[in-house]
Amino acid sequence: MSRATPAADDEGGPALELLVHGVGGATPHSMLDDPRTVRVTGDDTAAMYRRAEDADAEDHPERYRDKPVPEAYCWANLTSGNGARALWLLLLPFMVANLAHWMRPPAPDEGRAVRLYGVLVRLVALSLTVLLVAAACEVALDLAAWQCAGTAGCADGKSWLGFLAPGRHGWWSAPGRRLALAAPAPAALTGLLWYLSNRTWSAYESQQPPGTGAAVAEGPGGPALGRPGFWYGRRLVARLRAAHTAAGFLTVAAAVTGAAARHDRAGDNALLDAAGLLLTAALAVAAAVVVAVVCVRGRSESELDEHLDRAVVTRLPAAALALLALSLLYAAWERPGWVSHGTLPGDRTFGFLALAQGVLVVLLAGVALALRRRAPDSRTALAGLGGPAVALLACALGGVMTGGVAQRVADWLDGSGTPGTAHDVLAGPPPLLSWQASVIPVLLALLIPVVAWFALGTWRTARAEEPRLLADYPGERPDSARSRRIAAVRAKAGLTDRAPVFLGITAVATLLLGAGALAGAWATGKVPGRASDGAPDPVAAAADTVQALGSWLTGLGFLLFVTWGRRAYKDASARRTIGILWDVGTFWPRAAHPFAPPCYAERAVPDLTWRMNTWTERTGGRLVISGHSQGSVLSAAAVWQLPARTRRRVALLTYGSPLERLYGRWFPAYFGGPELTALHREVHCWRNLWRATDPIGGPVLPGTDVDRGPLLDPLAFGRTRNRPLPAPILGHSDYQADPVFAEERTALLDELAPAALPRQR
C-alpha cells in the first residue's frame with residue numbers, strides 16, 4: 001500500500017513543521033538554515049519566523065507537496081534579552097526556592113498534604129525575602145549608620161559619613177536620625193524587587209492562553225499541565241508580590257523601631273515608650289497579616305482566574321510603607337543622651353531566620369515522604385525529597401550571598417586588611433554570619449571524596465564501554481584512541497543520572513553544618529576564631545583557618561558575582577550564558593516566590609498553543625511540532641493545552657529531550673510516567689530521538705513506539721569514502737544531521753492522514 005505524501009494535498013492543505021529551539025537560544029537563520037528570514041507573527045521578545053520564500057506558503061500549497069513548511073519559534077530573548085536581565089542574578093536564591101514548589105511527589109488527589117506542601121514552600125520563600133532585606137539592613141543600618149557613623153575612629157576618615165559622626169554634634173548625629181537616614185537604602189531594594197516583579201508580571205503572567213484548554217475535555221483529574229489556568233498565574237503572583245513587598249518594608253521598620261524602642265524602655269520618657277510599644281504591636285499585627293496572605297491562597301489552575309485581590313495588592317504594601325514612615329518619625333524623635341554602641345539591636349534576627357528555615361525544611365521533608373508513600377515511584381529523584389533538598393540549598397545560597405556582602409562591607413568600613421579577623425574599630429556583623437562562612441571550606445572538603453568517587457565510577461564505566469563500542473559499527477577497524485574518546489563521552493553523559501545522589505549528600509551535609517554553625521554562634525556569641533581561644537592549639541588553628549578561608553571564599557564569590565553581573569549587563573553573550581541557567585530554572589510559574597525571575601513558559605506556551613490552534617483551524621493542514629532539549633518541554637506543555645480536536649491533528653517530534661530523564665524524575669507530579677503516558681495517548685503520534693552521548697536527553701516512554709534510540713553518535717566510527725574526515729561526537733546538539741531525523745519527521749506526517757482532516761478553508 002502506498003504511503004501518503006508528507007505535505008500538501010487537496011484534502012488537507014500544507015504541512016507545517018514548527019521548530020522550537022532549546023537552552024542557550026538560536027537565531028532564525030540557524031534554525032531555518034537560510035540567511036533570509038521574515039517574522040510572520042510575534043514581537044522582538046518571541047516570534048515565529050520563516051524563510052522569505054516560504055512566507056506565503058499557505059497561498060501556494062502546490063509548492064510543498066513533498067516537504068513541510070519550516071517555521072521557527074525563537075524565544076531566547078525571554079531569558080537573555082536586554083541588559084536588565086543581569087539584575088536577575090540577584091534573584092538566584094528565589095528561583096531555586098520556587099523550583100522546590102514544583103518538585104513535590106505525585107499524589108492521587110490534591111488534599112491537605114499537597115496544600116500543606118505548598119504553604120511550607122511559600123513560607124520558605126518569604127523567609128528568603130526577609131533574609132535579603134535584613135542583610136541590606138545589616139549593611140546600611142547596623143554597619144554604616146549605627147557602628148561606623150557612631151564611632152569616631154571609623155567615621156572621621158570617611159567624608160560621606162563625617163556629618164553623621166557624634167563629635168560633630170549635628171542634627172543627624174543622633175542614632176535614631178542616622179538610622180532614619182540610612183533606612184531608605186533597604187527600602188529602595190524592596191522597591192526595586194517590586195518593580196522587577198511587576199514589570200515582568202505584566203509581560204509574562206498576563207499572557208492569556210486559549211480559553212478552550214485540554215482540561216475542558218479531560219476534567220479536573222487530567223494532567224495538571226493541561227488545565228486552563230496552569231500557565232496563567234496572574235492572581236497568585238500579584239498577591240504574593242504584595243505580601244513580600246510588605247514583608248520587606250516591615251523588616252526595615254522593625255530594625256529601626258527595635259533600636260529606638262529598646263532605648264525608650266530603659267529611659268524615663270513614658271510617651272515615647274508607649275509609642276514604641278504601639279508601633280511594635282502594629283508591626284507584629286502587620287507581619288501576621290503578611291503570613292496569612294502567603295498561607296491562605298495557593299494557585300488556581302482549574303480555570304482562567306481573572307480576578308485580582310485588589311485590597312491585598314494595593315493596601316497591604318501601602319500599609320507597610322506607612323508603618324515604615326511612622327517608624328522613621330519615631331526613631332528620629334529627639335532623645336538626649338542616646339549613644340550607639342556595640343551592634344544594632346536585633347542582630348539575632350539572622351539566627352532566628354536560620355532556625356525557622358531549618359524547621360520549615362524538615363517539616364517539608366516530612367510532608368514529601370508522606371506524599372510519596374501514597375504513590376511510590378522508583379524513578380522519583382531522592383525518594384521524593386528533591387523539593388526539601390532544593391529548598392535547603394536555596395536557604396544556604398541566600399545565607400552565603402547575604403553573609404558575604406555583610407562581611408565585605410564590614411572589612412571595607414573597618415579598614416581591616418585581613419578579612420575574617422576580629423575588627424579593630426567596629427563590632428562587625430553578627431557572629432552567625434562568620435560561622436556560616438566558616439562551614440563553606442568544611443563542606444568543600446567533605447565533597448572532595450564524593451567527587452572523586454563519581455570520577456572513579458565514570459572512569460570504570462568508560463573502561464567497560466570500550467570493548468562494546470565496535471558492535472555499534474560493524475565492519476569498522478579497531479581504533480583504541482577513538483574508542484576511548486567515545487566511551488568517555490558516553491560515561492560522562494551518564495553522570496546526569498547520578499546527580500540526585502550528589503545533591504542529597506550536599507543537602508544533608510549543608511543541613512548538619514548549618515545546624516552546627518547556628519549552635520556555635522548562639523552558644524559562644526563570638527566568631528569561630530575568638531570562640532576557640534583557650535582551646536588546644538590544633539583546634540584553635542583549625543578554627544582560625546576555616547574562618548579565614550570561609551571569609552575569603554565568600555569574598556571571592558561576591559566579587560565574581562558582581563563581575564559577572566557587570567559583564568552580563570554590557571555583553572549579550574554573557575547574558576546568554578546566564579539565560580541558559582534561567583532556561584532551566586524559570587520554566588515553572590512563580591508559585592512560591594514572586595521576586596524570582598519570570599516564568600518564560602507563561603509567554604512561550606500560550607504563543608505555541610495559539611499558533612498551532614489558529615493555523616490548523618485556518619488551513620486544515622497537518623502540523624508537526626519539533627522541539628529540541630528545553631524546546632521539547634515547551635512543545636509537550638503546549639500540546640497539553642490544545643483542545644482535543646486540534647491535538648488529534650498534531651504530531652510531536654522531540655529530540656535531546658529531558659522530559660523523562662530530568663523533568664520526570666525531579667518533577668514527577670507533572671511529568672511522571674502516568675502524565676507522559678496520557679500525553680502519548682492524547683496526541684496523534686509522537687517520536688522521541690535520543691543518544692547515549694547526550695547528557696540531557698534520553699528516552700521518554702521506554703517500551704513503547706515513542707522512543708527511537710540510542711542513535712549512533714558519531715555517525716561513523718572511522719574515516720570512510722563518504723566521510724573522509726573523522727565524524728564529530730554530537731552529544732546534545734545537531735540532531736537534524738542524523739538521517740533518522742528526516743525519516744521520522746516524514747513518518748509522523750504520513751501518520752497524520754489527510755483524509756481525517758477537514759478541507760482547507
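Helices, at least four residues long, are DSSP runs numbered from the N terminus. The model used in these exercises is predicted.

**Exercise 1. Place Ala261 and decide whether it is buried or exposed.**

Step 1: find the element. Ala261 sits in helix H10, which covers residues 234-266.

Step 2: apply the cut-off. Buried means under 20% relative accessible area. Ala261 has 4% relative accessibility, so it counts as buried.

Step 3: list the partners. Neighbours within four places in sequence are set aside; Ala261 then contacts Thr280 and Tyr330.

Step 4: compare sequence with space. Ala261 and Tyr330 are 69 residues apart in sequence. Their C-alpha atoms are 9.1 Å apart.

**Exercise 2. Do the same for Thr190: which element holds it, and which residues does it contact?**

Step 1: Thr190 belongs to helix H8, residues 184-205.

Step 2: its relative accessible area is 1%, so Thr190 is buried.

Step 3: leave out neighbours within four places in sequence. Thr190 is then in contact with Val133, Thr245, Gly248 and Phe249.

**Exercise 3. Describe how helices H14 and H15 pack.**

Step 1: choose the descriptors. Two packed helices are described by the angle between their axes and the distance between the axes.

Step 2: read them off. H14 spans residues 386-414 and H15 spans residues 431-465. They pack at an angle of about 115°, and their axes are 9 Å apart.

Step 3: give the hand. The crossing of H14 past H15 is left-handed.

Step 4: name the contact residues. H14 supplies Gly399, Val400, Gly403, Ala406 and Gln407. H15 supplies Leu433, Ser434, Gln436, Ala437 and Ile440.

Step 5: sort them. The contact of H14 with H15 has 5 nonpolar residues, 5 polar and no charged.

**Exercise 4. How many residues of helix H24 are buried?**

Step 1: locate H24 at residues 659-666.

Step 2: count. Of its 8 residues, 7 are buried, and the helix is mostly covered.

Step 3: name them. The buried residues of H24 are Leu659, Glu660, Arg661, Tyr663, Gly664, Arg665 and Trp666.

**Exercise 5. What lines the largest cavity?**

Step 1: count the cavities. The structure has 3 of 30 Å³ or more.

Step 2: size the largest. The largest cavity has a volume of about 90 Å³.

Step 3: list the lining. The residues are Gly229, Tyr232, Gly233, Arg234, Arg235, Leu236, Arg297, Gly298, Arg299, Ser300 and Asp305.

Step 4: sort the lining of the largest cavity. It divides into 2 nonpolar, 4 polar and 5 charged residues.

**Exercise 6. Where do the cis peptide bonds Gly709 to Pro710 and Asp713 to Pro714 fall?**

Step 1: check omega. For the cis bond joining Gly709 and Pro710, omega is about 0°. For the cis bond from Asp713 to Pro714, omega is near 5°.

Step 2: place the prolines. Pro710 is in strand E8, residues 707-711. Pro714 is in the loop between E8 and helix H27 (739-751).

**Exercise 7. Describe the settings of Asp33 and Asp734.**

Step 1: check phi. Asp33 has phi near 55°, a positive value in a residue other than glycine. Phi of Asp734 is also near 55°.

Step 2: place them. Asp33 is in the loop between helix H1 (28-32) and strand E2 (37-42). Asp734 is in the loop between E8 and H27.

Step 3: judge exposure. Exposed means over 50% relative accessible area. Asp33 has 72%, so Asp33 is exposed. Asp734, at 42%, counts as partly exposed.

Methods: Residues numbered from 1 in each chain as written. Predicted model: local features only at pLDDT ≥ 70, side-chain atom pairs only at ≥ 80, totals over all residues. Heavy atoms only, no water. Axes fitted to C-alpha atoms, helices over the stretch in contact; angles between N-to-C directions. Helix = DSSP H or I, 4+ residues; strand = E, 2+ residues; numbered from the N terminus. Left-handed = near helix turned anticlockwise from the far one by under 90°. Contact = heavy atoms within 4.5 Å. Nonpolar A, V, L, I, M, F, W, Y, C, P; charged D, E, K, R; others polar. 1 Å grid on protein atoms, 1.4 Å probe; cavity = no way out; pocket = protein on both sides within 12 Å on 5 of 7 lines; lining within 4 Å. Points joined across faces, edges and corners; volume = space filled by probe spheres on them. Buried < 20%, exposed > 50% of the residue type's maximum accessible area, 1.4 Å probe, protein only.
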